[in-house]
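Visitor: I have a chain on the screen and some time before my next gel. Can you walk me through it?
Guide: Yes, here it is.

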Amino acid sequence: AFDVLIIGSGPAGASAAIYAARKGLRTGLVADRFGGQVMDTAGIENFISIKETEGPKLSAQLEAHVRSYDVEIISGQRAKELFPAARPGGLHGIALESGAILHSRTVILTTGAHWRQLGVPGEEQYRTKGVAYCPHCDGPFYKGKRVAVAGGGNSGVEAAIDLAGIVGHVTLLQRSSKLKADKVLQDKLRSLPNVTVLTEALTTRIEGDGSKVNGLTYRGGDGKDHRIDLEGVFVQIGLLPNTEWLRNTLALNDFGEIKVDDHGATSVPGVFAAGDATTTPYKQIVIAVGEGAKSALSAFDYLIRLPAE
Ligand code: FAD
């Protein structure tokens, strides 16, 4: 059995694995894809101390760093069920989709999240070429340009306010007749001179010249198609944590995020979590890496407090 078994090999999982191995713990890592969302990222300019890099490059560096330690990597595998230990200090079980069951004294869940997509033509083709999901990450790439934000909930309106301070012009599109964001955010948004708010505007297509985005088409309340010329589209219709498989095992919030305390402990003793899959706010690489380290140190603390067998 492992001392620490980490599920998910994005930045949070990689960091947890390195911290656990450095404590001399018997560490396992269930890795379906090293780098996680970082693999889907083009330019990264906010991972502190690395001025700029690219997703696949940073992912390869994360993997090489983990492989330089004594970590047992269970590659190409996904977890499908967690069986919590029957007694404190007992072994937890993790069932893999392959049918195998792994056992460990502590588990760290770092299964991350994925952005809900519009599912319209052009979205996939122009991903990272004008279609973006993270204003903190990609906003500065659109300095002075025209962008749209699809989604009128809190995250869409926050993104539009954020982007309005950087880009030339923002068009916010909401498919129903009203924005769903908190009133204070809506008031702030409507006070900004370079923002247009469109309701009853259903994004139907993202257009480009083959290499980058140059426009967006939406179906208006009049039932007609309208085109907006722009350089970027931020899709803000929800970040979905990869936690479906944990639904009946530990406490999640209404968004499906794993509830963690300030040590990364979940509602199940000996099971910790870190990164985008958790309730920790602001989903960023630098935060996932920090939280991953914290969860491994918390697992270590938990293990040294277990009664000697
Ligand atoms: P993830 O990166 O999501 O990794 C989780 C891993 O777990 C994945 O490999 C997943 O496949 C795996 N997994 C899921 N379920 C299971 C399972 N059941 N069993 C086993 N494995 C499983 N952040 C920045 O700081 N700067 C940026 O510039 C930036 N740009 C971004 C651009 C894009 C397009 C996207 C999508 C995100 C961007 N982010 C950026 C956000 C950043 O990538 C995430 O905050 C970060 O990757 C979260 O790390 P994580 O380890 O928590 O989760």
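Visitor: Which domains does the domain assignment give for the protein chain?
Guide: The protein chain is assigned domain 1 (2-114 + 239-304) and domain 2 (117-235). The bounds come from an automatic or database domain assignment. Residues are numbered from 1 along each chain as its sequence is written. This is a predicted model, where local features need pLDDT of at least 70 and side-chain atom pairs count only at pLDDT 80 or more, while totals for chains, interfaces and linings use all residues.

Visitor: How far apart are the C-alpha centres of domain 1 and domain 2?
Guide: The two centres are 32 Å apart. Domain 1 puts 4 residues into the contact and domain 2 puts in 4 residues. Residues are in contact if their C-beta atoms, placed from the backbone, lie within 7 Å.

Visitor: And the side of domain 1 that touches domain 2, how do its residues divide?
Guide: That side of domain 1 has 1 nonpolar, 3 polar and no charged residues. Here Ala, Val, Leu, Ile, Met, Phe, Trp, Tyr, Cys and Pro count as nonpolar, Asp, Glu, Lys and Arg as charged, and the others, Gly among them, as polar.

Visitor: Now the ligand. How many residues surround it, and which are the closest?
Guide: The ligand is surrounded by 37 residues, and the closest are Gly8, Gly10, Gly36, Gly112 and Gly275. A residue is near the ligand if its C-beta atom, placed from the backbone, lies within 6 Å of it. Helix 1 (11-22), strand 9 (113-115) and helix 6 (285-304) are the elements that give two or more residues to this shell. Helices (H or I, at least four residues) and strands (E, at least two) are DSSP runs, numbered from the N terminus.

Visitor: Which domains does the shell draw on?
Guide: At least three residues of the shell come from each of domain 1 and domain 2. By type, the shell has 17 nonpolar, 14 polar and 6 charged residues.

Visitor: Back to helix 1 and helix 6. At what angle do they pack?
Guide: Helix 1 packs against helix 6 at about 35 degrees, and their axes are 7 Å apart. Axes are lines fitted to C-alpha atoms, for helices over the stretch in contact, and angles run from 0 to 180 degrees between N-to-C directions.

Visitor: Which residues meet there?
Guide: From helix 1 they include Pro11, Ala14 and Tyr19, and from helix 6 they include Ile285, Glu291 and Leu297. The contact divides into 13 nonpolar, 4 polar and 1 charged.

Visitor: Different topic: what is the strand order in the sheet of 5 strands?
Guide: The order is 10-17-11-12-13 in an open sheet with parallel pairing. Two strands pair if DSSP finds at least two bridges between them. Strand 10 (131-132) and strand 13 (195-198) are the edge strands. Strand 11 (residues 146-150) pairs with strand 12 (residues 169-173) over 5 bridges, and Val149 stands opposite Leu172 in strand 12.

Visitor: What does helix 4 touch?
Guide: Helix 4 (residues 154-164) packs on that sheet and touches strand 11, strand 12, strand 13 and strand 17 (232-235). Its direction makes about 170 degrees with that of strand 12.

Visitor: And the sheet with 3 strands, parallel or antiparallel?
Guide: Its pairing is antiparallel, in the order 14-15-16. Strand 14 (202-208) and strand 16 (225-229) are at the edges. Strand 14 is joined to strand 15 (residues 213-219) by 6 bridges, and Arg205 has Thr217 in strand 15 as its bridge partner.

Visitor: Which residue takes a positive phi in the hairpin of strand 14 and strand 15?
Guide: Gly210 does, near 105 degrees, and the hairpin has 4 residues between the strands.

Notes
Two residues are in contact if their C-beta atoms, placed from the backbone, lie within 7 Å.
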